[in-house]
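Student: I want to test some labels against their cut-offs. Can we go through them one at a time?

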Amino acid sequence: MAHQGITPRSSWSDVEAMLGADALEALERPLSDASSLPNACYTDEAWQKLEFERLFARNWFVAGFVQDIPDPGDALPVTTAGMPLLILRDHDGDVRVFHNVCRHRGAVLVDKPCSGLKLLTCPYHAWAYGLDGNLRTRPHFHGGGHHDVTGKDGDGPGLVPVRTEVWHHWIFINIDGKAPPLADYLAPALEKITGYDLTASRYAGTVHFDIATNWKFAMENYIEPYHVFAAHPRLHAFVPMAEREPSKIDRHVMWNRYLFKQAQAGRGEGLPHFPDLSDQTAHQGLWFILPVPFGFEVYPDHVASFHVTPIAPGRCHERIDIYLIGEAATSPDWAQQREAVLDMWHDLNSEDVGLIESLQKGRTSPAYDGGRLSPYWDEAPLHLSRMIIEGMR
Ligand code: FES
Ligand SMILES: [Fe+2]
């Protein structure tokens, strides 16, 4: 079934009007004079709506995870970019995404995770759709006992499909249907991970965080290593500041890496590695961030994805999903080492939570104007802000 793009109603002039000419100009100055985005971009509902319509809906972003719908007939409702969507696995095993709204009166079709589904039946008047989105039956549609049966050919009003591409464990969607192919969007990252066979990675677990902060603070924090010495003692002991570099920029992707000498629990110790790593990739952490919130890290023994869902201007949900190599992901023999990786990520990210919540509080101060930045460390977070605005243009 072809996707049907949904085009936003807002325009670039709406964005410009909220942002203001001064803020746009401050964003474009050389790093030593530039400021990050103004407070309204972190606190204002109207701004968030513009982000959903112009940034999220017109670019690729991760709406879900294949491990959350492992079997045919599994379906998961999600609210993302402010809209209800339904992610499911059909009976051919393919992942599909639909707008989770009935074509009759607009009830939300599926409101909790389901498995073993053969049909999607609306709770309101029981219109039933196939897992391909086609309308199948409308009970009593022509009066009591006079049902409408439309069959499989999709001639009735079916569910509205969303353009979807799956890359490894991650379900990417493009709401307006007009973004370039996903491979083009991911290319700056893909070119740097050719030494890792990601098909060897298997889902091992997730850590979740509800955070009272704007989604952009989670992303900015993720891509700047400047705070490591102050916030993350264990990570700093693993790789000290003197051996760290500022994050780099390749087109719309921000990325970084470090080399470590000695593996430790949760970071490369005692777990199987990706096959055929070089000496360098066996002692390297590498991470990427995309402007529509998704990041991932590759280590010799695991992949961690970093996903942020905006809930409100001052609230987001983060999940970090861990993928290990082969048997290590699920076998009881590896339970202890697996826990060590999940604990490491839980502990590391917990060290950031209070800090990024503090950034959100700081943005209620009229004295804060977007700040002054470190010319050494802050280019990538500034670039992220620029890419967000570029993505809304
Ligand atoms: S709203 Fe779904 S069947 Fe009426
Ligand atoms: Fe951090």
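The turns below take the metal site, the domains and the cores.

Tutor: This is a predicted model, where local features need pLDDT of at least 70, side-chain atom pairs count only at pLDDT 80 or more, and totals for chains, interfaces and linings use all residues. Residues are numbered from 1 along each chain as its sequence is written, chains are lettered from A and ligands numbered from 1 in the order in which they are written, and side-chain values use heavy atoms, without hydrogens and water.

Student: What makes His 227, His 232 and Asp 352 ligands of the iron ion (ligand 2)?

Tutor: Donors are N, O and S atoms within 2.8 Å of the metal (3.2 Å for Na, K and Ca). NE2 of His 227, NE2 of His 232 and two OD contacts from Asp 352 lie at 2.0 to 2.4 Å, so they qualify. Water is not among the atoms, so the site may look incomplete.

Student: Why is the site of the iron ion (ligand 2) called irregular?

Tutor: Its four donor atoms make angles of 57 to 143°. Tetrahedral needs all angles between 85 and 135 degrees; square planar needs opposite donors over 155 degrees apart and all others between 65 and 115. The range of 57 to 143° fits neither, so the site is irregular.

Student: Which parts does the pair His 227 and Asp 352 tie together?

Tutor: His 227 is in the loop between helix H6 (215-223) and helix H7 (228-231), Asp 352 in helix H9 (residues 335-362), so parts 125 residues apart in sequence are joined. Helices here are DSSP runs of at least four residues (H or I).

Student: How many residues form the domain contact?

Tutor: Seven from domain 1 and 10 from domain 2, with contact meaning heavy atoms within 4.5 Å. The bounds, 61-165 and 182-392, come from an automatic or database assignment.

Conventions:
Four donors count as tetrahedral if all angles lie between 85 and 135 degrees; four count as square planar and six as octahedral if opposite donors are over 155 degrees apart and all others between 65 and 115; anything else is irregular. Helices (H or I, at least four residues) and strands (E, at least two) are DSSP runs, numbered from the N terminus.
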